[in-house]
Amino acid sequence: MRILITEDNGELAEFIREALSQEGYLSDIARSAGEQRLYLQESSYGAIILDLGLPDIDGIEVLKGLRRAGNMVPVLILTARGGVQDRIKGLNHGADDYLIKPFAVDELIARLRALLRRPNALSNTRLTAGNVSMDVISKAVTVDGNNLVMGKTEHAILASLMRNVGLTVSKESLEDMIYQDGYALSDNALQVAVHRVRKKLSDSGATTKITTIRGIGYLLK
């Protein structure tokens with residue numbers, strides 16, 4: 001399961017990411033509220049570790065914005081604001097847990113595990129577009145309820161497009177995503193992979209179609 005670490009202290013963020021990696025979790029680091037917004041547009045996360053002292057927008061406002069938008073991803077606030085009223089404010093505005101800095105990394109991991117065991121931790125893991133459905137945890141893809149077999153790269157491409165239905169996803173962002181998954185890219189690797197996804201959708205009777213936006217990227221309709 002992937003975790004988003006929203007923390008402007010680079011050294012601390014890397015420390016948390018390494019600790020999560022040792023426990024088997026993948027994670028991304030956002031250094032600001034703006035970066036967090038971009039990550040959430042591109043990927044689905046099991047939980048967010050959120051610092052309140054961000055450089056652009058206060059973390060409480062970030063949390064309120066998430067909940068107003070209907071995003072119920074579990075949020076663990078990790079902050080130096082340790083007052084009782086600070087904790088009450090964070091929890092009242094939608095945080096699922098609150099941990100004060102300095103902290104023990106074992107406690108952070110334990111609290112995170114507890115959040116991920118809750119039912120709402122899986123509430124944002126099913127994507128739908130037309131008659132295509134995807135479970136981003138099990139990686140199962142169905143068309144009208146029938147299973148559609150996809151490779152790792154194909155699944156990653158389709159997931160990104162399904163999270164942005166009606167929006168153009170740039171070639172660069174898709175290539176970066178594939179590269180991060182451990183693939184060495186040839187010049188036309190993305191084009192070939194998208195072609196495979198497009199053909200599988202068409203052959204299975206999917207009502208969604210991938211359109212090429214020449215020179216920019218791809219669009220799922």
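## A three-stranded sheet

In this predicted model, serine 170 sits opposite glycine 217 of strand β12. The two strands involved are β10 and β12 (residues 217-220). They run antiparallel, and three bridges join them.

These strands belong to an open sheet of three strands. The order is β10-β12-β11, and the pairing is antiparallel. At the edges lie β10 (168-170) and β11 (210-213), each pairing on one side only. On average, neighbouring strands of the sheet are turned by 30° against each other, direction ignored. Strands of a sheet pair through backbone hydrogen bonds.

## The helix on the sheet

Which strands does α6 touch as it packs on the sheet? The helix touches β10, β11 and β12. Its direction makes about 65° with that of β12.

Helix α6 covers residues 152-162 and is mostly covered itself. Ten of its eleven residues are buried. Among them are Thr153, Glu154, His155 and Met162. Ile157, Leu158 and Leu161 are buried too.

## Two unusual backbone spots

Most residues other than glycine have a negative phi, and most peptide bonds are trans. Two places here depart from that pattern.

One is a cis peptide bond between lysine 101 and proline 102, with omega about -10°. Proline 102 lies in the loop between β5 (97-100) and α5 (105-117).

The other is aspartate 144. Its phi is positive, about 55°, although this residue is not a glycine. Aspartate 144 lies in the loop between β8 (141-143) and β9 (146-147). Is aspartate 144 buried or exposed? Aspartate 144 is exposed, because its relative accessible area is 56% and the cut-off for exposed is over 50%.

Terms used:
Residues are numbered from 1 along each chain as its sequence is written. This is a predicted model: local features need pLDDT of at least 70, side-chain atom pairs count only at pLDDT 80 or more; totals for chains, interfaces and linings use all residues. Side-chain values use heavy atoms; hydrogens and water are left out. Buried means under 20% relative accessible area, exposed over 50%, partly exposed in between (1.4 Å probe, protein chains only). Helices (H or I, at least four residues) and strands (E, at least two) are DSSP runs, numbered from the N terminus. Two strands pair if DSSP finds at least two bridges between them. Axes are lines fitted to C-alpha atoms, for helices over the stretch in contact, and angles run from 0 to 180 degrees between N-to-C directions. Contact means heavy atoms within 4.5 Å.
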